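Here are some exercises to help you find your way around a new structure. Try each task yourself, then read through the worked solution.

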Amino acid sequence: MTNEELFAKTTINSWKLGIDRLDQMFSSLSDEDLQTEVAPGRNRVFYLLGHLTAVHDRLFPLLGLGERLHPELDDFISEPDKKSADRVSADELRRAWSEVNQQLMAAFVALPPEEWLTKHEAVSEEDFAKEPLRNRLAVLQSRTLHAGFHAGQITLAVKRP
């Protein structure tokens, strides 16, 4: 196994573990549970489900893997929770979450390992030449950490008495 294969497989495996953990959480929570705030006056679990789905959906163009599937969920990134009434149902969010993450995983495993260390779409060739750590693999590692952070919030929120 080459170093590129090892790096790619390790990072994809970490992503899969985190997404599987969140899948279990989201599928075990009722629609009422999704309305739980992570802390008083803070985001609801429902909002975090939409937020993570929208952030992951943006990985398609950022990593050069294709077009987004759910740009209609951008409010979960650009607007704070509870600014307006929910525009999608919990079931719609759960379906979008599953669709985005299933298609991302398929794209991740199809990407040749050596391409993980190439630039992502938000960095210029000139900047990448100066900073080669601004690559696709670094983006996936960052998004894996982001998902893990929110998984911790969700775990604490739904276990509160």
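A helix here is a DSSP run of H or I with at least four residues, and a strand is a run of E with at least two. Keep in mind that you're looking at a predicted model.

**Exercise 1: The overall fold**

Work out how many helices and strands the protein chain has, and how compact the chain is.

Solution. Start by counting: the protein chain has eight helices and zero strands. Reading along the sequence, that gives the pattern α-α-α-α-α-α-α-α. Next, check the radius of gyration: it is 17 Å, close to the 15 Å from the globule rule for 161 residues, so the chain is as compact as a globular protein of that length. For the outline, the C-alpha trace spans about 50 × 30 × 25 Å along its principal axes. Finally, look at the contacts: among those with a separation of 6 or more, 69% are between residues 24 or more positions apart.

**Exercise 2: Helix 1 and its cover**

Find which residues of helix 1 are buried, and what covers them.

Solution. First, locate the helix: helix 1 takes in residues 3-28, which makes 26 residues. Its first and last C-alpha atoms are 38 Å apart, close to the expected 38 Å. Now pick out the buried residues, using under 20% relative accessible area as the cut-off. They are Ala8, Thr11, Ile12, Trp15, Ile19, Leu22, Met25 and Phe26. A handy reminder for reading such a list: an α-helix has 3.6 residues a turn, so residues three or four places apart point the same way. Last, look at the cover, which includes helix 2 (31-34), helix 3 (45-57), helix 4 (59-62), helix 6 (90-110) and helix 8 (136-159).

**Exercise 3: An enclosed helix**

Decide why helix 3 can be called largely enclosed.

Solution. Begin with its length: the 13 residues of helix 3 should span 18 Å, and its end C-alpha atoms are indeed 18 Å apart. Then count the buried ones: 13 of the 13 residues are buried, so helix 3 is largely enclosed by the rest of the structure. Over the whole protein chain, 39% of the 161 residues count as buried.

**Exercise 4: Who touches helix 1?**

Trace the contacts that Asn101 and Thr144 make.

Solution. Take Asn101 to begin with; it sits in helix 6. Its relative accessibility is 6%, so Asn101 counts as buried. Setting aside neighbours within four places in sequence, Asn101 is in contact with Trp15, Ile19 and His56. Move on to Thr144, which is found in helix 8. Thr144 is buried too, because its relative accessibility is 18%. Leaving out residues up to four places away in sequence, Thr144 touches Ser14 and Trp15. Ser14 lies in helix 1, and with a relative accessible area of 36% Ser14 is partly exposed.

**Exercise 5: The largest pocket and a loop residue**

Describe the largest pocket, then say what stands out about the phi of Lys82.

Solution. Volume comes first: the largest pocket holds about 200 Å³ of space. It has 16 lining residues, and the closest to its centre are Asp75, Phe76, Ser84, Ala85 and Arg87. Sort the lining by type and you get six nonpolar, one polar and nine charged. Now for Lys82, in the loop between helix 5 (75-78) and helix 6. Its phi is near 70°, a positive value in a residue other than glycine. At 42% relative accessibility, Lys82 counts as partly exposed.

How values were computed
Residues numbered from 1 in each chain as written. Predicted model: local features only at pLDDT ≥ 70, side-chain atom pairs only at ≥ 80, totals over all residues. Heavy atoms only, no water. Expected span 1.5 Å × (residues − 1). Buried < 20%, exposed > 50% of the residue type's maximum accessible area, 1.4 Å probe, protein only. Contact = heavy atoms within 4.5 Å. 1 Å grid on protein atoms, 1.4 Å probe; cavity = no way out; pocket = protein on both sides within 12 Å on 5 of 7 lines; lining within 4 Å. Points joined across faces, edges and corners; volume = space filled by probe spheres on them. Nonpolar A, V, L, I, M, F, W, Y, C, P; charged D, E, K, R; others polar. Rg over C-alpha atoms; globule rule 2.2 N^0.38 Å.
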